[in-house]
Amino acid sequence: MHKLGRGHRDKVQQFMTITGASEKLALQALKASDWHLEGAFDFFYGQQSHIKSYTDTTHLEELYKRYKDPYTDMILADGITILCNDLLVDPQDIVMLVVSWHMKASTMCEYSKEEFFTGLQALGIDSLEKFRERIPFMRSELKDEQKFREIYNFAFGWAKEKGQKSLALDTAIGMWQLLFAEKQWPLVDHWCQFLQARHNKAISRDTWSQLLEFARTVDPALSNYDAEGAWPYLIDEFVEYLDENGIIQNGQFK
């Protein structure tokens with residue numbers, strides 16, 4: 001990289017910081033896009049998402065057995081904790097939600113054998129080393145707006161209790177704090193306080209999905225909020241709550 005001009009070096013460093021890619025991959029993507037960062041991101045994510053490298057099912061079986069529960073043919077919470085330790089990742093790290101999204105896991109803290117195999121094969125993973133190498137890529141997927149939306153919507157079904165249509169409020173708040181820490185929505189703490197003070201009930205899928213749209217399209221000062229829009233009643237009540245509590249004053253977010 002020392003042969004590059006400063007502008008190109010800065011772009012390589014920025015690309016590596018955002019995507020978690022190696023210097024070699026960063027250079028490949030930037031050169032392929034004529035040193036345009038946005039084009040390089042598109043190239044990188046396109047290449048990474050289509051990796052279907054050969055995976056050795058014998059190695060996958062060994063990995064699965066390492067984490068499988070001794071009494072049932074599934075990986076449960078204890079096994080996932082061991083997996084996180086092996087990956088050097090905190091179990092509360094949002095990247096584990098991305099891992100579960102890739103596995104299309106139906107329930108939090110559980111992986112069926114089929115989910116585990118299908119998810120890792122799609123990612124080209126059949127060893128702990130490969131798994132660790134893919135963690136930065138999975139973390140970088142949260143910065144892709146379309147993938148973030150898919151992960152966000154996946155989280156609702158993944159986090160709710162089996163057989164329930166709605167998401168328990170405490171669980172929903174925990175998930176929102178995790179997801180919006182990544183998305184950096186300034187009103188997330190006020191939203192959670194509002195729910196605990198005024199709502200105190202489970203969260204519907206409609207409210208869950210619409211909140212992301214609200215956070216994405218309405219600025220924190222609510223200057224472009226349309227009271228006649230088709231928002232769920234809970235979001236309309238939240239806007240009133242912000243106004244009543246002086247959180248939004250004279251069109252400005254305090």
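## Charges

Start with the charged side chains: this predicted model carries 28 positive and 38 negative ones. Take the centre of each set, and the two points sit 6 Å apart.

## The chain as a whole

What does the chain's secondary structure come to? It's 13 helices and four strands. Along the principal axes, the C-alpha atoms fill a box of roughly 60 × 60 × 25 Å.

The chain has 254 residues, and 44% of them count as buried. On the outside, about 13,700 Å² is exposed, with carbon and sulfur atoms supplying 48% of that area. As for contacts with a separation of 6 or more, 63% come from residues 24 or more positions apart.

## A look at helix α9

Helix α9 takes in residues 145-159, which makes 15 residues. From its first C-alpha to its last it reaches 21 Å, close to the 21 Å expected at 1.5 Å a residue. At the start of α9, Asp144 points a side-chain oxygen to within 3.1 Å of the backbone nitrogen of Gln146.

Which residues of α9 are buried? They include the aromatic-lettered names Phe148, Tyr152, Phe154, Phe156 and Trp158. Lys147, Ile151, Ala155 and Ala159 are buried in α9 too.

## Out at Ala230

Now hop over to the loop between α12 (205-217) and α13 (233-244), where you'll find Ala230. Is Ala230 buried or exposed? Ala230 counts as exposed because its relative accessible area is 77%, and the cut-off for exposed is over 50%.

Ala230 and Gly7 are 223 residues apart along the chain, and their C-alpha atoms are separated by 46 Å.

Notes
Residues are numbered from 1 along each chain as its sequence is written. This is a predicted model: local features need pLDDT of at least 70, side-chain atom pairs count only at pLDDT 80 or more; totals for chains, interfaces and linings use all residues. Side-chain values use heavy atoms; hydrogens and water are left out. Helices (H or I, at least four residues) and strands (E, at least two) are DSSP runs, numbered from the N terminus. The expected span of a helix is 1.5 Å times one less than its number of residues. Buried means under 20% relative accessible area, exposed over 50%, partly exposed in between (1.4 Å probe, protein chains only). A polar contact is a pair of N or O atoms within 3.5 Å; within protein, one must be able to donate a hydrogen and the other to accept it, and residues adjacent in sequence count only if both atoms are side-chain atoms. Contact means heavy atoms within 4.5 Å. Accessible areas come from the Shrake-Rupley method with a 1.4 Å probe; for residues, only the protein chains shown count as cover. Lys and Arg count as positive and Asp and Glu as negative; His and the chain ends are not counted. The place of a charge is taken as NZ of Lys, CZ of Arg, CG of Asp or CD of Glu.
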